[in-house]
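Biologist: I would like to learn how to read a few local features in a structure. Could you take me through them one at a time?

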Amino acid sequence: MNLTLPGRVLARATATLALALAMATGTTGLIAGTEAHAQPVTDGSFGFSGDADDYISGGRSYAYTTASQDRLNVSGDTGNGAVTVSVDGANGDWWTLNLAAPAGKVLTPGTYTGATRYPFNDGTEPGLSLSGNGRGCNQLTGTFTISAVEFGPQGYVKKLDATFEQHCEGGTPAARGEVRIENPAPPAELGLGLGIALDGTASALNGKATLHGTVTCTKPVQVTVAGDVTQVKKRDLIRGSFTTSVACTPGAPVAWTGVAVPTGAVPFQKGDVEVEGRATASDPDYDRAVTVGETVAVRLTRV
């Protein structure tokens, strides 16, 4: 029976947990490595087959393509040293392939021999792992060849052509396969700008300081503006902080206003304050936070 996509995701999570628990008891296990945000593959294929005694393939052949409504996802790491390809087959199959250069190296075209199980390969060895459908190697050896690979920002993978051969538990039987991925050019990273106006107000009623300024962005995002305000008056050190959120769209600057509440009994007063401001938003294309900061002297007037 074919599973729906949510069912396949649940099955993957359940099987992965089972493999991790098995690893703890000394049997076959799988632990996912750290990677960047996965992206859907626009045009790609993934396939492998194995010898009769190969544990992963069971001697069968498997083939998946985006043209056949199989779902492929790919991600790299921020150092461009590793790629992870995952497959959710239209028939309910699921597989994961990891290919990694030795630690500190960039993954480039070439043949990588002496690969061991990713992410437990040591600093001098390439990393490799083919697992899925509830199966994974506890130990493995193998080799893979990168014919072409192109990265973008933050682990974006534009192109990948590779072949691989994997042996489980030191055995002779092998699984052999290939992957081909072609994605559009990577989108630009999110750019943020923060401006803090050089004038503000100190309330005579409640002692709060009101600051304002603008933010700019290169993509439509929700921007959080926060900051710390410090003022010295005679022997008093007056501190407070503020936070606010504004919807930003590319084009004209968007105004923001923040109110800092003094942390002690002494209110903010007329005069200069130091404002350390930060603007933060999540890049929708790379699922990462982008932050910019600015520190300025602001003159408060009493209102």
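Modeller: Gladly, and let us start with contacts: two residues are in contact when they have heavy atoms within 4.5 Å. Please keep in mind that this is a predicted model.

Biologist: Which residues does G123 touch, not counting those up to four places away in sequence?

Modeller: With those sequence neighbours left out, G123 touches P102 and A103. For the second of these, the C-alpha atoms of G123 and A103 are separated by 4.7 Å, although the two residues are 20 apart along the chain. You will find G123 in the loop between β7 (110–117) and β8 (127–132).

Biologist: Is G123 buried, partly exposed or exposed?

Modeller: The class depends on relative accessible area: buried means under 20%, exposed means over 50%, and partly exposed is in between. G123 has 42% relative accessibility, so it counts as partly exposed.

Biologist: Now the strands, please. How does β7 run relative to β9, and how relative to β8?

Modeller: A general point to carry along: in a regular strand the side chains alternate between the two faces of the sheet. Here, β7 and β9 (residues 140–151) run antiparallel and are joined by five bridges. Across that pairing, Y112 stands opposite F144 in β9. By contrast, β7 and β8 run parallel, with two bridges between them. There, T116 stands opposite G127 in β8.

Biologist: What should I look for in the backbone of the loops?

Modeller: Look for exceptions, since most residues other than glycine have a negative phi, and most peptide bonds are trans. One exception is the peptide bond from Y118 to P119, which is cis, with omega near 5 degrees. P119 is in the loop between β7 and β8, where G123 is found too.

Biologist: And which residues other than glycine have a positive phi?

Modeller: Among them is K234, with a phi of about 55 degrees. K234 sits in the loop between β15 (221–233) and β16, and at 85% relative accessibility it counts as exposed. Another is D287, whose phi is near 50 degrees. D287 belongs to the loop between β18 (271–283) and β19 (288–302).

Biologist: How many disulfides does the structure hold, and in what pattern?

Modeller: The test is a pair of cysteine sulfur atoms within 2.5 Å. The structure holds two disulfides, and with bonded cysteines counted along the chain, the pattern is 1-2, 3-4.

Biologist: Which cysteines form them, and how far apart are their sulfur atoms?

Modeller: In one disulfide, C137 and C168 have their sulfur atoms 1.7 Å apart. This pair links distant parts of the chain, 31 residues apart: C137 is in the loop between β8 and β9, and C168 is in strand β10 (residues 157–168). Both C137 and C168 are buried. The other disulfide is formed by C217 and C248, with sulfur atoms 2.2 Å apart. That pair also joins distant parts of the chain, with C217 in strand β14 (residues 209–217) and C248 in strand β16 (residues 236–248). C217 and C248 are buried as well.

Biologist: Are these links left-handed or right-handed?

Modeller: The sign of the torsion about the S-S bond is the thing to read. For C217 and C248 the torsion is about -105 degrees, so that disulfide is left-handed. The link of C137 and C168 is left-handed too, with -50 degrees about the S-S bond.

Methods. Residues numbered from 1 in each chain as written. Predicted model: local features only at pLDDT ≥ 70, side-chain atom pairs only at ≥ 80, totals over all residues. Heavy atoms only, no water. Helix = DSSP H or I, 4+ residues; strand = E, 2+ residues; numbered from the N terminus. Buried < 20%, exposed > 50% of the residue type's maximum accessible area, 1.4 Å probe, protein only. Pairing = 2+ DSSP bridges.
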